[in-house]
Amino acid sequence: MNPRVRQGMRFFGQDGYLVDDDSALDFVQHSARVLAAWIRVESISPAGEDAIVSKLADTTESWTGYVLSAVAVPGDPERFVVRFRLSDGVTSQQLASPPL
């Protein structure tokens with residue numbers, strides 16, 4: 001990929017850009033991290049949530065990691081919120097934008 005100013009990249013939801021697991025991508029307690037993404041949402045998938053950036057590990061009982069996603073506003077298919085969720089497998093936190 002060779003992005004340039006005033007040119008964007010379009011992803012069709014079938015493929016993603018995968019990065020090998022690296023501890024530098026972990027959110028460690030009491031450490032500061034910045035997670036940023038420029039997005040243009042044309043529509044939300046029928047599931048109602050589309051991941052933008054995520055690092056997740058699923059187990060049968062819980063999940064650990066984080067996900068930044070676009071989430072459909074129930075009853076208003078033209079609007080969405082941007083939500084960030086973080087879990088250590090025991091407790092989880094989430095923040096969401098106002099409807100956009």
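**Exercise 1. Find the residue in S3 that is the bridge partner of Ser69, then follow the ladder across to S1.**

Step 1. Start at Ser69: its bridge partner in S3 is Arg83. Strands are DSSP runs of E with at least two residues, helices are runs of H or I with at least four, and both are numbered from the N terminus.

Step 2. Now look toward S1. Ala51 has Ser69 as its bridge partner in S2.

Step 3. Try two further pairs. Val67 has Arg85 as its bridge partner in S3, and Ala57 is matched with Thr64 in S2.

A word on the model before you go on: it is predicted, local features need pLDDT of at least 70, side-chain atom pairs count only at pLDDT 80 or more, and totals for chains, interfaces and linings use all residues. Residues are numbered from 1 along each chain as its sequence is written, and side-chain values use heavy atoms, with hydrogens and water left out.

**Exercise 2. Work out the strand order of the sheet and say which strands stand at its edges.**

Step 1. List the elements. The protein chain has four strands and zero helices, and from the N terminus they run β-β-β-β.

Step 2. Pair the strands, remembering that two strands pair if DSSP finds at least two bridges between them. S1 and S2 (residues 63-73) run antiparallel and are joined by nine bridges. S2 and S3 (residues 76-88) are antiparallel too, with 10 bridges. Five bridges join S3 to S4, again antiparallel; one pair here is Leu86 with Gln93 in S4.

Step 3. Put the order together: this is an open sheet of four strands, S1-S2-S3-S4, with antiparallel pairing. Strand S1 (49-58) and strand S4 (92-96) are the edge strands; each has a single partner strand, so one side of each has no neighbour in the sheet. From one strand to the next, the twist averages 20° (axes are lines fitted to C-alpha atoms, for helices over the stretch in contact, and angles between N-to-C directions run from 0 to 180 degrees).

**Exercise 3. Inspect the two hairpins and find the glycine with a positive phi in each.**

Step 1. Go to the hairpin of S2 and S3, which has two residues between the strands. Gly75 takes a positive phi near 80° there.

Step 2. Move on to S3 and S4, whose hairpin has three residues between the strands. In that turn, Gly89 has a positive phi of about 95°.

**Exercise 4. Trace the salt bridges that involve Glu49.**

Step 1. Apply the rule: a side-chain nitrogen of Lys or Arg lies within 4 Å of a carboxyl oxygen of Asp or Glu. The count comes to two salt bridges.

Step 2. Take the pair of Arg83 and Glu49, at 2.8 Å from N to O. This pair links distant parts of the chain, Arg83 in strand S3 and Glu49 in strand S1, 34 residues apart.

Step 3. Take the pair of Glu49 and Arg85, at 3.5 Å from N to O. Glu49 lies in strand S1 and Arg85 in strand S3, so the pair ties together parts 36 residues apart in sequence.

Step 4. Join the pairs: Glu49, Arg83 and Arg85 are linked in a network of salt bridges.

**Exercise 5. Decide how covered these residues are, and how S2 fares.**

Step 1. Set the cut-offs: buried means under 20% relative accessible area, exposed over 50%, and partly exposed in between (1.4 Å probe, protein chains only).

Step 2. Sort the network. Arg83 counts as buried at 16%, whereas Arg85 is partly exposed at 24% and Glu49 is partly exposed at 28%.

Step 3. Turn to S2: eight of its 11 residues are buried, so S2 is largely enclosed by the rest of the structure. Across the protein chain, buried residues make up 16% of the 100 residues.

**Exercise 6. Judge the confidence of the model.**

Step 1. Recall that pLDDT is the predictor's confidence in each residue, from 0 to 100. The protein chain averages 78, and 76% of the residues score at least 70.

Step 2. Among the elements, S1 has the lowest mean pLDDT (84) and S4 the highest (92).

Step 3. Keep one caution in mind: where pLDDT is low, the predicted coordinates should not be read in detail.
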